[in-house]
Amino acid sequence: MARAARHGIDVVELPGDRVTIPGGNDTRRAYAEAKATLAVVVAPPSKRRLQPIAPSADWRVDLAEGCPAHCSYCYLAGSLKGPPVTRVYANLDEILDALPAYLDRGTITSRDDTRAHEGTTFEASCYTDPLAIEPLTGSLSTTIAWFGRWQAPAQLRFTTKFADVAPLLAIDHQRRTRMRASINPPAYARFEGGTAAVADRLRALRRMADAGYPVGLTIAPIIAADGWEDAYGALIDDAAAQLSGAAHLDLTVELITHRFTAGSKTVLDSWYPGSALDMSGMNRTTKRTKFGTEKQVYDTATMRRLRSFFEARIAAALPTARVLYWT
């Protein structure tokens, strides 16, 4: 609250835990008000029971829910109830104190022979971008320091579209936190409103690598639009140039293709009417999830071309990088 007040942000204390957003039936106004609102709340026990988050990590640990960015492919659209308010959890100590109970109980990366050396992995950016809200919350810095003190085979992971890593550089992280930059070519980063420029994200990644952090690239969502080969080839080359010469570089890559559900498409169309992002049925096929829902993914031929290109280009430009997964 004090940090927000120092920035000149209105601080409102609520009589209860309900956040009311003005706008009524005006979807666009309610969306804009929600995106401009950060609610400080207490994570209830149900939110503190960790869930596996394949293929990224053994467990999902939420420091907040919601994100202030304006991405017209937003992965959270349709999965969070109500207007997209960012809710940050005040009971951070309680959240962190619960993590040791999950050590050595992972079933995702811990059972993967190529990743078991990471220890039990905890993903902090499933339902938020923790760096986006760090200037107000300080939650990410606190969590990184906590993992640095935790003498256990465990790793914190977070991915971000933001670049202000200065508060993180001097933390005694003990290489137990991996920061990944979520990147897309400039032609497609136009779908990522309110975020840092991709070049700034890559520079931030280099700063984190120079500070001793394990780092990574999250290339997502991969969009198979006209000219994608040249666009993504240049992006990978830019990343290689930025990381060139980094000492003791520990680099991973995660490759995530664009997908959407009928529900998320409806929400995104209401949030971003007129967006040029292709969510038609072209080059798409329906895939059923383990939860019984359906999502639209690229068809087999398109996925094969995409995967072949990325694996070859990354191997050539970033030969020491480990590709963790393709999805």
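How many cavities of 30 Å³ or more does the structure hold? The structure holds one. This is a predicted model. The report covers its empty spaces, then one helix pair, then selected residues.

## Cavity and pockets

Rolling a probe the size of a water molecule over the atoms shows where empty space is left. The largest cavity has about 40 Å³ of space. Its lining is made by Lys 47, Arg 48, Leu 50, Val 61, Asp 62 and Ile 95. By class, that lining has three nonpolar and three charged residues, with no polar ones.

The largest pocket holds about 1900 Å³ of space. It is lined by 50 residues, and those closest to its centre are Ile 53, Ala 54, Tyr 75, Cys 126 and Tyr 127. Many elements take part. Those that each supply at least two lining residues include strand 2 (51-53), strand 8 (154-160), strand 9 (177-183) and strand 11 (215-222). Strand 12 (251-257), helix 10 (262-271), strand 13 (284-288) and strand 14 (294-298) do so too. Which strand gives the most to this lining? Strand 2 does, with three residues.

The second largest pocket holds about 1100 Å³ of space. Asp 10, Thr 37, Leu 38, Ala 39 and Val 40 are the closest to its centre, out of 37 lining residues. Two or more lining residues come from each of helix 1 (2-6), helix 2 (27-35), strand 1 (38-41), strand 6 (86-89) and helix 5 (134-137). Strand 1 has the largest share, four residues.

The linings divide by class as follows.

| Space | Nonpolar | Polar | Charged |
|---|---|---|---|
| Largest cavity | three residues | no residues | three residues |
| Largest pocket | 21 residues | 16 residues | 13 residues |
| Second largest pocket | 24 residues | seven residues | six residues |

## Helix 8 against helix 9

Two packed helices are described by the angle between their axes and the distance between the axes. Helix 8 spans residues 198-210 and helix 9 spans residues 228-243. They pack at about 35°, with axes 9 Å apart. The crossing of helix 8 and helix 9 is right-handed. Helix 8 makes the contact with Val 198, Leu 202, Arg 203, Leu 205 and Arg 206. Helix 9 answers with Leu 235, Asp 238, Ala 239, Gln 242 and Leu 243. By class, the contact residues are six nonpolar, one polar and three charged.

## Backbone features

Two cis peptide bonds come next. One joins Ala 54 and Pro 55, with omega about 0°. Pro 55 sits in the loop between strand 2 and strand 3 (57-60). Ala 54 is also among the residues closest to the centre of the largest pocket. The other runs from Ala 220 to Pro 221, with omega near -15°. Pro 221 belongs to strand 11, an element that supplies at least two residues to the lining of the largest pocket.

Positive phi appears at two non-glycine residues. Asp 104 has phi of about 65°. It is found in the loop between helix 4 and strand 7. Asp 104 counts as exposed because its relative accessible area is 61%, over the 50% cut-off. Arg 175 has phi of about 60°. This residue lies in the loop between strand 8 and strand 9. Arg 175 has 37% relative accessibility, so it counts as partly exposed.

## Buried and exposed side by side

The loop between helix 4 (92-97) and strand 7 (120-123) also holds His 117. Glu 118 is in that loop as well. Is His 117 buried or exposed? His 117 is exposed, because its relative accessibility is 59%. Glu 118 is buried, because its relative accessible area is 5%. Beyond residues up to four places away in sequence, Glu 118 touches Ala 154, Gln 155, Arg 322 and Leu 324. His 117 and Gly 106 are 11 residues apart along the chain, and their C-alpha atoms are separated by 13 Å.

Glu 65 lies in strand 4 (residues 64-65). With 12% relative accessibility, Glu 65 counts as buried. Leaving aside neighbours within four places in sequence, its contacts are Lys 47, Leu 80, Val 85, Thr 86, Arg 87, Tyr 89, Tyr 127 and Thr 128. One of these, Lys 47, also lines the largest cavity. Another, Tyr 127, is among the residues closest to the centre of the largest pocket. The C-alpha atoms of Glu 65 and Ile 95 are separated by 14 Å, at 30 residues apart along the chain. Ile 95 is another residue of the cavity lining.

Key
Residues are numbered from 1 along each chain as its sequence is written. This is a predicted model: local features need pLDDT of at least 70, side-chain atom pairs count only at pLDDT 80 or more; totals for chains, interfaces and linings use all residues. Side-chain values use heavy atoms; hydrogens and water are left out. Axes are lines fitted to C-alpha atoms, for helices over the stretch in contact, and angles run from 0 to 180 degrees between N-to-C directions. A crossing is left-handed if the near helix is turned anticlockwise from the far one by less than a right angle, and right-handed if clockwise. Contact means heavy atoms within 4.5 Å. Ala, Val, Leu, Ile, Met, Phe, Trp, Tyr, Cys and Pro count as nonpolar, Asp, Glu, Lys and Arg as charged, and the others, Gly among them, as polar. Buried means under 20% relative accessible area, exposed over 50%, partly exposed in between (1.4 Å probe, protein chains only). On a 1 Å grid over the protein atoms alone, a cavity is a set of points where a 1.4 Å probe fits but cannot get out, and a pocket is an open set with protein on both sides within 12 Å along at least five of seven lines; lining residues have an atom within 4 Å of a point. Grid points are joined across faces, edges and corners, and a volume is the space filled by probe spheres set on the points.
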